[in-house]
Every structure is written in C-alpha cells, then in structure tokens.
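Here are a few short exercises on side-chain pairs and surface patches. Have a go at each one before you read the solution.

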Amino acid sequence: WTDFIEAGDPPSPDAEFLEDHLAGDALDVTRDLLAKYQAEGVALRGTFEVDAAVRDVTDDRAVVADCGLDQLQLVEPRSGTVLEGHDEDRDGYVAELTLEGNAWKVTSLVDDAGACA
C-alpha cells in the first residue's frame, strides 16, 4: 500500500519501485489505475491501515486476508480539493503472493468481505 500511495501523488504508473512488491495481474491493475488517475489529472492521497492475517503459506506462495481501513482520497492536486473521499468502514481483501528472489510480491488482490468477518 505504501508504494501505491507514493506512486499516486503525482500518479506515476511507470514507477519502477512498484515492481518491488507487485507482479503479474496486481502490477498490471495498479499501473492501469494510476494511468487513469494521471489522465484524469487527479492525485491519490491518504493512508491505508493494514490488518492482515496469513491464511496459507508454502515455500514460495502465500495467501493473506486483510481487513484494512482505506482512508485514501482522490484530490485535485493544485487546490487539494477532495474529489472522492473515504468512509470509516473496513474493506476486506485477499492477496496472493509469490516469493521472487528474497521478496514477496502481490500477484493478485481481490475484494473479499469475508476477510473482515
């Protein structure tokens, strides 16, 4: 989440550091979303509070459920006007990760309300 937030202000879909923790579909979706923000002239600001638990792990694959608090906002960069705010509800996600070298990388991230149950 930290890399996504950093790459969101200003939106930088080609930021190389995104590859430090993302791969596959997760990297593609993230880059596409950042490109959309860039084209719209908006910035992503705020925080994401992680509340994760490992569901499954092997030597090179893991599944992690997260009931995070998404406090990210889309803003007009010059004025700081909030164009899309956040709520105080926790959001459930399930992430699949693979071990590449010495780094775990998210390859898939899907909404899952059950992660907050």
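**Exercise 1.** Work out whether Arg31 is buried or exposed in this predicted model, then find its salt-bridge partner.

*Solution.* Start with the accessibility of Arg31: its relative accessible area is 16%. The cut-off for buried is under 20%, so Arg31 counts as buried. Next, look for a carboxylate close by: Glu19 forms a salt bridge with Arg31, and their closest N and O atoms are 3.0 Å apart. Now place the two residues. Glu19 sits in the loop between helix H1 (2-7) and helix H2 (24-40), while Arg31 belongs to helix H2, so this pair ties together parts that are 12 residues apart in sequence. Finally, check the partner: Glu19 has a relative accessible area of 40%, which makes Glu19 partly exposed.

**Exercise 2.** Which strands are linked by the pair Arg90 and Glu49?

*Solution.* First confirm the contact: the side chains of Arg90 and Glu49 meet in a salt bridge, at 2.6 Å from N to O. Then assign each end. Arg90 is in strand E5 (residues 90-100) and Glu49 is in strand E1 (residues 43-49), so the bridge links distant parts of the chain, 41 residues apart. As for exposure, Arg90 comes out at 35% relative accessible area and Glu49 at 40%. Partly exposed runs between the 20% and 50% cut-offs, and that's the class for Arg90 and for Glu49.

**Exercise 3.** Take the pair Arg61 and Glu96, and find out which network it belongs to.

*Solution.* Begin with the distance: the Arg61 and Glu96 side chains form a salt bridge at 3.8 Å, N to O. That passes, because the limit is 4 Å. Arg61 lies in strand E3 (residues 61-75) and Glu96 in strand E5, so the pair ties together parts that are 35 residues apart in sequence. Both ends are partly exposed, Arg61 at 33% and Glu96 at 34%. Now widen the view: Asp56 joins Arg61 and Glu96 in a network of salt bridges. And for the whole model, the count comes to 9 salt bridges.

**Exercise 4.** Leave the charges aside. Which residues form a nonpolar patch on the surface?

*Solution.* The members are Val54, Val57, Leu99 and Trp104. Together they offer about 350 Å² of accessible area. To place one of them, look at Val57: you'll find it in strand E2 (residues 52-57).

Notes. Residues numbered from 1 in each chain as written. Predicted model: local features only at pLDDT ≥ 70, side-chain atom pairs only at ≥ 80, totals over all residues. Heavy atoms only, no water. Helix = DSSP H or I, 4+ residues; strand = E, 2+ residues; numbered from the N terminus. Buried < 20%, exposed > 50% of the residue type's maximum accessible area, 1.4 Å probe, protein only. Patch = residues over 30% accessible without salt bridge, like charges linked within 9 Å, V, L, I, M, F, W, Y side chains within 5 Å. Areas by Shrake-Rupley, 256 points an atom, 1.4 Å probe, with all protein chains shown as cover.
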